[in-house]
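Q: I'd like a close look at one part of this structure, please, and at how the rest is arranged around it. Take your time and walk me through it in a connected way.

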Amino acid sequence: MAEVARLAEGQPGREVCGFVVRRGAGAVEVLEVANVAAPDRAAAAFELDPAEELRLLQRLAAEGGEVLAIFHSHLDAPAIPSPSDVAGAFGDGVPLWPGVEHVIVSVRAGRAAEVRRYRAVQGALVPAGAPEPNCA
């Protein structure tokens, strides 16, 4: 997570986003993806560049590997999911990235202050490691 925090500190005026991936042999990489949110929203929102996202997924499929996490930063805000983070993690109530963690870095005064990991469960982003909600 140190690399994710470093990337988040690198652009203090806009949210940073990307993926943590595992290559076929087990090497883990942090890959920044351009935030293509409109300039007036980029300090408070992220939108992964769809062309970069597609190229990454095609490369992982061809070379072997998997997405472990999606990350983004919050500027001068806590590392907790915003309503738009939750909405963007689901399509019709179903996780868009099943089994993939969501990592949020809080950047305050240009420094990574906190990193938290979440997973998509039943329409919510819950802290990674939290017990599964009762489905009964």
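What does the side chain of Tyr 118 reach, and at what distance? Please start from there.

A: Happy to. In this predicted model, the side chain of Tyr 118 reaches the backbone oxygen of Ala 79 at 2.6 Å. Tyr 118 sits in strand β7. With a relative accessible area of 4%, Tyr 118 falls under the 20% cut-off, so it counts as buried. Setting aside neighbours within four places in sequence, its contacts include Ala 79, Ile 80 and Pro 81, then Glu 101, His 102 and Ile 104, and also Leu 125, Val 126, Pro 127 and Ala 128.

From Tyr 118 we can step across to Phe 19, which is 99 residues away in sequence and 14 Å away in space, C-alpha to C-alpha. Phe 19 belongs to the largest nonpolar core, a group of twelve residues that also includes Cys 17, Val 21, Leu 31, Leu 48 and Trp 97. At least two residues of this core come from each of β1 (17-23), β2 (28-33), α2 (50-63) and β3 (65-75). Strand β1 gives the largest share, three residues. A separate, second core has eleven residues, among them Val 4, Leu 7, Val 16 and Phe 71. As background, nonpolar side chains tend to be buried together in soluble globular proteins.

Leu 48, a member of the largest core, touches several residues outside its own stretch of four places either way, including Cys 17, Phe 19, Val 33 and Ile 70. Asp 49 lies in the loop between β2 and α2. Asp 49 is buried but has no salt bridge, and the nearest side chain of opposite charge, that of Arg 55, is 5.3 Å away. The side chain of Asp 49 does reach the backbone nitrogen of Ala 51, at 2.8 Å. Beyond four places in sequence, Asp 49 is in contact with Val 33, Ala 34 and Val 36.

Strand β7 also leads us to helix α1, since β7 (111-121) is among the elements that cover the buried residues of α1, along with β1, β2, β3 and β6 (101-108). In α1 (residues 2-10), the buried residues are Val 4, Ala 5, Leu 7 and Ala 8. Viewed down the helix axis, they fall within an arc of 160 degrees, so they line one face of α1. Ala 2 and Gly 10 are exposed on the face turned away from that buried side.

A charged pair links α1 and β7 too: Glu 9 and Arg 111 form a salt bridge, with N to O at 3.7 Å. Glu 9 is in α1 and Arg 111 in β7, so this pair ties together parts 102 residues apart in sequence. Glu 9 is partly exposed at 22% relative accessibility, while Arg 111 is exposed at 55%.

There are seven salt bridges in the count. Another of them joins Arg 23 and Glu 63, whose closest N and O atoms are 3.2 Å apart. Because Arg 23 lies in strand β1 and Glu 63 in helix α2, this pair ties together parts 40 residues apart in sequence. Arg 23 is buried, at 15% relative accessible area, and Glu 63 is exposed, at 52%. Through shared partners, salt bridges join Arg 23, Glu 29 and Glu 63 into one network.

Note on methods. Residues are numbered from 1 along each chain as its sequence is written. This is a predicted model: local features need pLDDT of at least 70, side-chain atom pairs count only at pLDDT 80 or more; totals for chains, interfaces and linings use all residues. Side-chain values use heavy atoms; hydrogens and water are left out. A nonpolar core is a set of buried Ala, Val, Leu, Ile, Met, Phe, Trp, Tyr and Cys residues joined through side-chain atoms within 4.5 Å. Buried means under 20% relative accessible area, exposed over 50%, partly exposed in between (1.4 Å probe, protein chains only). Helices (H or I, at least four residues) and strands (E, at least two) are DSSP runs, numbered from the N terminus. Contact means heavy atoms within 4.5 Å. Lys and Arg count as positive and Asp and Glu as negative; His and the chain ends are not counted. A salt bridge is a side-chain nitrogen of Lys or Arg within 4 Å of a carboxyl oxygen of Asp or Glu. A polar contact is a pair of N or O atoms within 3.5 Å; within protein, one must be able to donate a hydrogen and the other to accept it, and residues adjacent in sequence count only if both atoms are side-chain atoms. The arc is that of the directions from the helix axis to the C-beta atoms.
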